[in-house]
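Colleague: I have a new model open on my screen and would like to learn how to read it. Could you walk me through it?

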Amino acid sequence: MDINQIFENNRSWIAKKLENDEHYFEKLSEGQTPEFLYIGCSDSRVTAEELMGAAPGQVFVHRNIANMIPNTDLNSMSVINYAVVQLKVNNIIVCGHYGCGGVKAAMQQSDLGILNPWLRNIRDVYRIHKKELNAIENEENRYRRLIELNVLEQCINIIKTAEVQKASDERCLKVHGWIFDIHTGKLIDLKIDFPKIMEGIKEIYRITP
Ligand code: CO
């Protein structure tokens, strides 16, 4: 796509929105009250809103390589804090995807410079689930399973945070683990057991009294 095409697309998008509702942008500028925090991969094929059929204002979005929530990552921690404490979202979604290049890179033995510490977080996921993963002989299936387990572990990292523990006690906040199947376009709910994980997490990571 030519870069100038983007501005043309923008003009026709504005016209289309105003055609449906002449006050569309006035309403949009009043503020946001999204119901969902979506954390996904930066992969250009895994568009957050489009695959969910969501409109502007409905989803607070954070994307990075391989949809990671490292414990000391100020960026994702700030996003979670703002979404939970200020926007009061009640659903946090971690959405991984089959065919994830970040997860693939973590499965291979190569020095990728600045990417090394980031990918090390995925290697940690492999180490935690080594027994299960090493038992899968088919490499493609092992790769797919690591993608799913990575989503699960990032959900756990979210559940460890004080904001999420508090919000889960005070209101009906939930964390969901999803996979986008890039081969079919299907969104798969991994159906993580949120109450059970929260209970297990509190044994070690409890922050609230
Ligand atoms: Co990816």
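Modeller: Let's go through the overall fold, the metal site and then the pocket. Please keep in mind that this is a predicted model.

Colleague: Which helices and strands should I look for, and how many are there in the protein?

Modeller: A count of elements is a good way in. Here the protein has ten helices and five strands. Its C-alpha atoms fill a box of roughly 60 × 45 × 30 Å along the principal axes. Of the 209 residues, 40% count as buried.

Colleague: Now the metal. What coordinates the cobalt ion?

Modeller: With a metal, look for the donor atoms around it. The cobalt ion is coordinated by the SG atoms of Cys 41 and Cys 100 and by NE2 of His 97, at 2.1 to 2.3 Å. Along the chain, these donors follow the spacing C-x55-H-x2-C. Water is not among the atoms, so the site may look incomplete.

Colleague: Is His 97 buried or exposed?

Modeller: Buried means under 20% relative accessible area. His 97 is at 0%, so it counts as buried. Cys 100 also counts as buried, because its relative accessibility is 1%.

Colleague: And what lines the largest pocket?

Modeller: For a pocket, ask about its volume and then its lining. The largest pocket has a volume of about 210 Å³. Its lining has 14 residues, with Asn 71, Asp 124, Ile 128, Asn 157 and Lys 160 nearest the centre. Two elements, α6 (115-128) and α8 (139-159), each give two or more residues to this lining. The largest share, five residues, comes from α6.

Colleague: How do the lining residues divide by character?

Modeller: Six are nonpolar, four polar and four charged.

Methods. Residues numbered from 1 in each chain as written. Predicted model: local features only at pLDDT ≥ 70, side-chain atom pairs only at ≥ 80, totals over all residues. Heavy atoms only, no water. 1 Å grid on protein atoms, 1.4 Å probe; cavity = no way out; pocket = protein on both sides within 12 Å on 5 of 7 lines; lining within 4 Å. Points joined across faces, edges and corners; volume = space filled by probe spheres on them. Helix = DSSP H or I, 4+ residues; strand = E, 2+ residues; numbered from the N terminus. Nonpolar A, V, L, I, M, F, W, Y, C, P; charged D, E, K, R; others polar. Donors = N, O, S within 2.8 Å, 3.2 Å for Na, K, Ca; no water. Buried < 20%, exposed > 50% of the residue type's maximum accessible area, 1.4 Å probe, protein only.
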